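User: Hello! I have a protein chain open on my screen and would enjoy going through it with you, question by question. Could you take me through the reasoning as we go?

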Amino acid sequence: MSGRDGSDGAGGSGGSDDATGAGGVPDVALDEALAAVAGEQPLINSVTNDVTVNDVANVTLYWGGLPVMSDDEREVGDMVGIADGCLLNMGTVSESGEATMLTAGRAANDHGVPLVIDPVGVGATPTRDRVADRLVTDLDVDVLNGNYGEISALAGDDAEVRGVESVGEYAEIAAAAVECARKTGAVVVASGETDIVATEEAAFEVDTGHSMMGAVVGTGCMLGATLAVFGAALDDSLSAALSGTAAYGLAGELAAEGAFGDYRGPASYKTAFLDAVAGLADASTPDIADRIDRIEVR
Ligand SMILES: Nc1ncnc2c1ncn2[C@@H]1O[C@H](COP(=O)(O)OP(=O)(O)O)[C@@H](O)[C@H]1O
Ligand SMILES: Cc1ncsc1CCOP(=O)(O)O
Ligand SMILES: [Mg+2]
């Protein structure tokens, strides 16, 4: 069984016990990470939005996890208590949904279940700002993922989030991600053209992915599900965030290359992308070391 209090699973937030390789980048072996995920078959309870819930369930399954979407206040604590990972995505959060997320998150913390939060739309409205603040204040978060605008907003920087979209330029996104990690204690994944993975001490650039991913609603939500699956199967949050983010981007690239079928636009690309997630473990997985760089942040 995975979990923060066990010998397996994503450990406490922030640090990594992994060997550090060239350029101060932790050694992350993608084939080993994918095999760990498939071997663990982690049960992931996602309390997520009404828009992309089916995509979140499928991407969890296609990596090798077991999805369940319990969001009933009466049972969510019990379900999270027997799960290996928990994802909270506030995309369509309501007043009762906020309470459910807090119950789910507290159960995850109480049972040592790794917790991922996607604060969708934080920075867009005062309500979202308040809910996101409550979640990261009251809960011990292992991994937090959001687009550049959301992570900048959480860090307290100027940000433009229109609805759930990141708008504008974010030249200081690595510094914002580190600041966000310092505020929350989580490993932070800031997604965009290049993904940033940050702890309180360091930031890394994960240069995988394809622009077609930005044309599909739900790729951020599915990244959160991916991080929950990898976080449940791997020993520490930083390795999970790096390998999960890299694997997800590689699936996006393989789909764009047509390795999982031709596509004619964003809708058929999404199908190819989901097939690439399901097929990545059997594809020849490249060494990802040269796709991850450490970035100096003040
Ligand atoms: N222009 C792009 N080039 C490469 N990857 C991208 C691009 N836009 C988005 N992605 C990828 O799509 C996923 C979702 O990112 P993003 O669009 O920032 O999230 P959200 O959907 O929450 O706004 C991430 O894995 C990110 O790397
Ligand atoms: C459009 C929308 N509105 C509320 S949640 C949601 C989905 C957001 O998905 P993603 O953050 O993955 O683009
Ligand atoms: Mg998003």
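Analyst: Happily. A definition to start with: helices (H or I, at least four residues) and strands (E, at least two) are DSSP runs, numbered from the N terminus. With that in hand, Ser 191 is placed in strand 8, which covers residues 187-191. Please keep in mind that this is a predicted model.

User: Thanks! Is Ser 191 buried or exposed?

Analyst: The cut-off for buried is under 20% relative accessible area. Ser 191 has a relative accessibility of 15%, so this residue counts as buried.

User: Which residues is Ser 191 in contact with, leaving aside its neighbours within four places in sequence?

Analyst: Contact here means heavy atoms within 4.5 Å. With the neighbours within four places in sequence set aside, the partners of Ser 191 are Gly 146, Asn 147, Tyr 148 and Leu 223.

User: How many residues of helix 6 are buried, and which are they?

Analyst: Helix 6 runs over residues 148-155 and is mostly covered, with 7 of its 8 residues buried. Tyr 148, a contact of Ser 191, belongs to this buried set. The full set is Tyr 148, Gly 149, Glu 150, Ile 151, Ser 152, Leu 154 and Ala 155.

User: What phi does Gly 156 take?

Analyst: Gly 156 comes just after helix 6. Its phi is positive, at about 95°.

User: Where does Gln 41 lie, and what is its phi?

Analyst: Gln 41 sits in the loop that joins helix 1 (30-40) to strand 1 (43-47). Its relative accessible area is 46%, so Gln 41 is partly exposed. Gln 41 is a residue other than glycine, yet its phi is positive, near 45°.

User: Why does Ala 99 count as partly exposed?

Analyst: Ala 99 is part of helix 4, residues 95-111. Partly exposed is the range between under 20% and over 50%. Ala 99 falls in that range because its relative accessible area is 36%.

User: How far apart are the C-alpha atoms of Ala 99 and Leu 139?

Analyst: Along the chain, Ala 99 and Leu 139 are 40 residues apart. In space, their C-alpha atoms are separated by 12 Å.

User: Which residues does Arg 106 contact beyond its neighbours within four places in sequence?

Analyst: Arg 106 is also found in helix 4. With a relative accessible area of 37%, Arg 106 is partly exposed. Beyond those neighbours, Arg 106 is in contact with Arg 134, Asp 138 and Leu 139.

User: And how far apart are Arg 106 and Thr 125 in space?

Analyst: In sequence, Arg 106 and Thr 125 are 19 residues apart. From C-alpha to C-alpha, the distance in space is 25 Å.

User: Let's turn to the whole chain. What is its radius of gyration, and what would a compact globule have?

Analyst: The C-alpha trace spans about 45 × 40 × 40 Å along its principal axes, and the chain holds 10 helices and 11 strands. For 298 residues, a compact globule would have a radius of gyration near 19 Å, so the chain agrees with that, at 17 Å.

User: What share of the residues is buried?

Analyst: Contacts with a separation of 6 or more are a helpful start: 71% of them join residues 24 or more positions apart. Of the 298 residues, the share that counts as buried is 55%.

User: Over which residues does pLDDT stay under 50?

Analyst: The mean pLDDT of the chain is 92, and 93% of its residues reach 70 or more. The model has 68 contacts beyond four places in sequence for the stretch where pLDDT stays under 50, which is residues 1-18.

Notes:
Residues are numbered from 1 along each chain as its sequence is written. Chains are lettered from A and ligands numbered from 1 in the order in which they are written. This is a predicted model: local features need pLDDT of at least 70, side-chain atom pairs count only at pLDDT 80 or more; totals for chains, interfaces and linings use all residues. Side-chain values use heavy atoms; hydrogens and water are left out. The radius of gyration is taken over C-alpha atoms; the globule rule is 2.2 Å times the number of residues to the power 0.38. Buried means under 20% relative accessible area, exposed over 50%, partly exposed in between (1.4 Å probe, protein chains only). pLDDT is the predictor's confidence in each residue, from 0 to 100.
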